[in-house]
Amino acid sequence: MFSQSARLLPVARSVQYTAAEKCRRGCTSSLYITGDLASESCIVLSPYVNLNRRFEDTEKLIKNLQSRGLTVDLPQLKSSWQQYENLKKFKLQLDSDKSANLVKFNAAKSSQKPKVLNDLKAELDKVKEKLNSVKKELWDVEKKAILGGLALPNDIHPETPLNDCEKIVHEFGVKPDTSSHSPSHIEIANKLGLIEYYDSSYYFLKDEAAQFEIGLSYLIQDKLKEIGFITMSNYDFGKSLVVEGVGLDPRDASSVFTLEKDSDSKDATARLHLVGGASLASFCAFHTKTVTNVKNLPLRYVAMGRHYNPNGDEELHGLFSTWQSSAVETFVAAADKEMAMEEFKSCLKEIIDLYETLGYHFRVVYLPPINLKPWESLRASIQMFSKNMAKYIEVGSLSLCDDYISQRLLICCETVPGKSAQFAHLISGTVVSVPRILGCILEYDSGGFKLPSEVLAAIA
């Protein structure tokens, strides 16, 4: 259920800038602050960016971008990265020369030989001047190389179907008959007195629909707690740093809500966004710049709460495209690829079992690369059928993120005390989006709506 204040949230939906505007405003990136802007912003972290690994197999990277429908000038990016690497080495050499000349200059002060002092000072000034020139050049290249590298998507997992077709991995029940016209879930809910719907940003669930929202959320959270998941109560708000760290664009109004009072902030890290407690960003905020002992992995968390998404699908309507929804979100951190895949399979099996207890038809599909988010290498989409729209609607999902987000937000795990830590491999997913599943269930039986016994028991 949503209160009337839900429509009055002070969020901006028009914070979209061109590349030139982003540079002029000093907000090219919230995640990586380039050297020329370091004095204007608080640098919380420096993400790990290693394009040498990405360029080891250029053909693989090209196929990745093409299959995702992305356009990146890889030759230019590779050239910028090589130039950046060379300038960094040159700068380190100049720093070393500056230190050596400074030692010589300080030692010569006691010699009281003006000519020697003047020669050393001239040499020192020459190195400093060259160093300042290299710094400016490095900052310019840095914007192209590092920020270009951060824009690259995650690798694609071998189990992701490489064509544009979804791969069905599980199906339960019989697909509803669509031979006759079926009214929309909004029409059905209005007839049954279960909803007050105005638009995607403003609606109320009532009576059994409101009980379903609460009961289903508790049912799923309690079931996951039984298998070792820890309940979290996350923040509804997130900083631009974390939002960009998970792979969203904090300046894009179709990606995330931005508080109006922060939308014009010049400090790229100071803007605040409405993401919801049941979101990937809210989980990552807790683990940014952390090191977890590998003995404590995997970490398994679950949270129920609000999920905010301004990017409503124009082809969908009603409860299928709401800006805010009740949801149950999971977050798993693993030590390596093998553990992450094992956790992904295990978690997906438990989610499938949960959905089967509800008794409604659903299917689980692996999505093709064109439908993946930048941070996803593999996405299992849990879908129910809309009789009115005669198509499947995603009501939940589980995503394999590898160490893509961990490298950006420095989420690490320590295998040997005192040795360098490695990046954790993450799994995230919206186990259920309550409005979407409710919409599908209402269309399954337009004659009435009865709470499933399991949901009823969860709120008894």
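# What the words mean

Tutor: For "binding site", the unreviewed UniProt entry lists Glu394, Val395, Gly396 and Ser397. UniProt positions are given in the numbering used here, feature names are shortened, and annotations may be inferred rather than shown by experiment. This is a predicted model, in which local features need pLDDT of at least 70, side-chain atom pairs count only at pLDDT 80 or more, and totals for chains, interfaces and linings use all residues. Residues are numbered from 1 along each chain as its sequence is written, and side-chain values use heavy atoms, with hydrogens and water left out.

Student: Why is Ser397 called buried?

Tutor: Buried means under 20% relative accessible area, exposed means over 50%, and partly exposed lies in between (1.4 Å probe, protein chains only). Ser397 has a relative accessible area of 4%, so this residue counts as buried.

Student: And why does Lys144 count as exposed?

Tutor: Its relative accessibility is 54%, which is over 50%, so Lys144 belongs with the exposed residues. Lys144 sits in helix H5 (residues 114-150).

Student: What makes a stretch a helix or a strand?

Tutor: Both are DSSP runs, numbered from the N terminus: a helix is H or I over at least four residues, and a strand is E over at least two. By that rule the protein chain has 13 helices and 17 strands. Glu394 lies in one of the strands, S14 (residues 391-402), and Ser397 is in S14 too.

Student: Which residues does Ser397 touch, not counting those up to four places away in sequence?

Tutor: Ser397 touches Arg379, Ala380, Ile382, Gly429, Thr430 and Val431. A contact means heavy atoms within 4.5 Å. With the same neighbours set aside, Glu394 touches Leu367, Arg379, Ser381, Ile382, Gln383 and Arg436.

Student: What makes the pair Glu394 and Ser381 a polar contact?

Tutor: A polar contact is a pair of N or O atoms within 3.5 Å; within protein, one must be able to donate a hydrogen and the other to accept it, and residues adjacent in sequence count only if both atoms are side-chain atoms. The side chains of Glu394 and Ser381 form such a pair at 2.6 Å, so the distance fits the limit. The side chains of Ser397 and Arg379 are joined at 3.3 Å, so that pair passes as well.

Student: How do you know that the buried residues of H6 line one face of the helix?

Tutor: In H6 (residues 185-192), the buried residues are His185, Ile186, Ile188 and Ala189. Seen down the helix axis, they fall within an arc of 160 degrees, so they line one face. The arc is taken from the directions from the helix axis to the C-beta atoms. In general, an α-helix has 3.6 residues a turn, so residues three or four places apart point the same way. The buried residues of H6 pack against strand S3 (195-199) and helix H12 (434-444).

Student: What makes a space a cavity or a pocket?

Tutor: On a 1 Å grid over the protein atoms alone, a cavity is a set of points where a 1.4 Å probe fits but cannot get out. A pocket is an open set with protein on both sides within 12 Å along at least five of seven lines, and lining residues have an atom within 4 Å of a point. Grid points are joined across faces, edges and corners, and a volume is the space filled by probe spheres set on the points. The count comes to three cavities of 30 Å³ or more, and the largest has a volume of about 50 Å³. Strand S15 (411-414) gives the most to the lining of that cavity, with three residues.

Student: Which residues lie nearest the centre of the second largest pocket?

Tutor: They are Arg53, Asn154, Asp155, Asp402 and Asp403, out of 29 lining residues. This pocket has a volume of about 580 Å³.

Student: Is Asp155 buried or exposed?

Tutor: Asp155 has a relative accessible area of 18%, which is under 20%, so the word is buried. Asp155 lies in the loop between H5 and strand S2 (167-172). Its side chain makes polar contacts with the side chains of Arg53 (3.4 Å) and Arg54 (3.4 Å).
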